[in-house]
Amino acid sequence: MKTRKFAVALATFASAALLAACGTVSSTNSSAQGAAIGDTFKIGYNLELSGAVSSYGQNEEKGANLAVKEINAAGGIGGKQIEVITKDNKSETAEAATVATSLASEGANIVIGPATSGAAAASIPALTSAGVPMITPSGTQTNLVVNDKGEVQDYFFRATFTDGYQGQVMAKYATENLSAKKVVLYYDNSSDYGKGVAEAFKKAYAGEIVSEITFASGDKDFQAALTKLKDAEFDAIVMPGYYNETGTIVKQARGLGITQPVLGSDGFDSPQFTELATASAATNVYYLSGYVTSASDKAKAFSEAYKKEYNEEPNMFAALAYDAVYMAAKAAEGAADSKALKDNLAALKDFEGVTGTMSVDAEHNVVKSVYIVGLTDGEQTSVDTISAE
């Protein structure tokens, strides 16, 4: 497998330019009592353990549980063991908000999750009101950190890069690595995630978008749209979306003889993508990821521990949740309650995770590298490491 590293200069996108604001949630709550850290350090999981994107939540639960097991075996945090409160948001936005309220009421000092942007956004109000910070391992929507007044959400953090960043990287990669002067933009129009990445791509891409097509969550038949593309002239298909639909789209596209490269967002990063696409069709496919095993010795050690624990390879979602727990544990050092924990998270710098070295910036995003994985016959055959200049 070939591994390459290069840097790209990325423009900064204003959050409001990409998506509608998060609503009228107050970004701070000075009157919130927060949750005192007692005899144990309580971590709540608000994860998609069932429902449409359960693959993400289930992998994140495994990664988070592995981190908890390791930390507790090493003596805990300042001698205190981690206690986990696990709840399933069923891949539903409304349920995620309910779960957030429940976790706060049960004394969680911090919440890991949800995995998706919509569910993460729905969880912010309850946790802000309670004074409990949350770390979404994989919620990438750019404006989650800013409310409608342009204020940073004090209690929201993430372990991954944003949709805006993804769109910019995809535009650079399409142009400079795939030599794509003309592309088809085929994206999920039913999610803020798909729309956000697509909008950022359109702003950053200097080539021609010959066709812009959308799909929606739950769609199964893409033959009509793909048939129209069969004889079109283009160099690549850019496809922001989740594995549920994109795997099937790739399978049907290859079945129609469409062989151009497919460039996807990090929503491709699930074993089920290749299962849906089939291995033979998952060729000349590239997608963004927050984790690759070959990135560092720390990543390799995590991979070995994960395989020993679960008898399977970890993916990006497991790795991001693993890092999120370790971020929480680091921030908990010396903290008496969840509000102090929030302040420590905001000041986190040069944290060495399995997904890379990261620092929390002024908008509570993490500054870190991103990887683009290339697939041939469903197997990783290349990795490009991209960092911002």
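Me: Contact here means heavy atoms within 4.5 Å. Leaving aside neighbours within four places in sequence, what is isoleucine 135 in contact with?

Reply: By that cut-off, the partners of isoleucine 135 include Ile110, Val111, Phe157, Ala324, Met327 and Leu345. Before we go on: this is a predicted model, where local features need pLDDT of at least 70 and side-chain atom pairs count only at pLDDT 80 or more, while totals for chains, interfaces and linings use all residues. Residues are numbered from 1 along each chain as its sequence is written, and side-chain values use heavy atoms, with hydrogens and water left out.

Me: What makes a nonpolar core, and which members of the largest one touch the most others?

Reply: A core is a set of buried (under 20% relative accessible area, 1.4 Å probe, protein chains only) Ala, Val, Leu, Ile, Met, Phe, Trp, Tyr and Cys residues joined through side-chain atoms within 4.5 Å. The largest has 104 residues, and Ile135 and Tyr186 touch the most other members. Its largest share, 14 residues, comes from helix α11 (residues 316-332); helices are DSSP runs of H or I, at least four residues, and strands are E runs of at least two, numbered from the N terminus. There's also a second, separate core of 17 residues, with Ile85 and Phe156 among them. In soluble globular proteins, nonpolar side chains tend to be buried together.

Me: Why is valine 367 called exposed?

Reply: Exposed means over 50% relative accessible area, and valine 367 comes in at 52%, so the label fits. Valine 367 is in strand β14 (residues 366-367). Not counting residues up to four places away, valine 367 still touches Thr357, Met358, Ser359 and Asp361.

Me: And why is serine 91 only "partly exposed"?

Reply: Partly exposed is what lies between those two cut-offs. Serine 91 has 24% relative accessibility, so that's the class it gets. Aspartate 377, at 47%, is partly exposed too, because that value also falls in between.

Me: What is odd about the backbone at serine 91?

Reply: Serine 91 has a positive phi of about 60 degrees although it is not a glycine, and aspartate 377 has one of about 50 degrees. Serine 91 sits in the loop between β3 (82-88) and α3 (93-105). Most residues other than glycine have a negative phi, and most peptide bonds are trans.

Me: Which form does the peptide bond from glycine 113 to proline 114 take?

Reply: That bond is cis, with omega near -5 degrees. Proline 114 belongs to the loop between β4 (110-112) and α4 (117-130).
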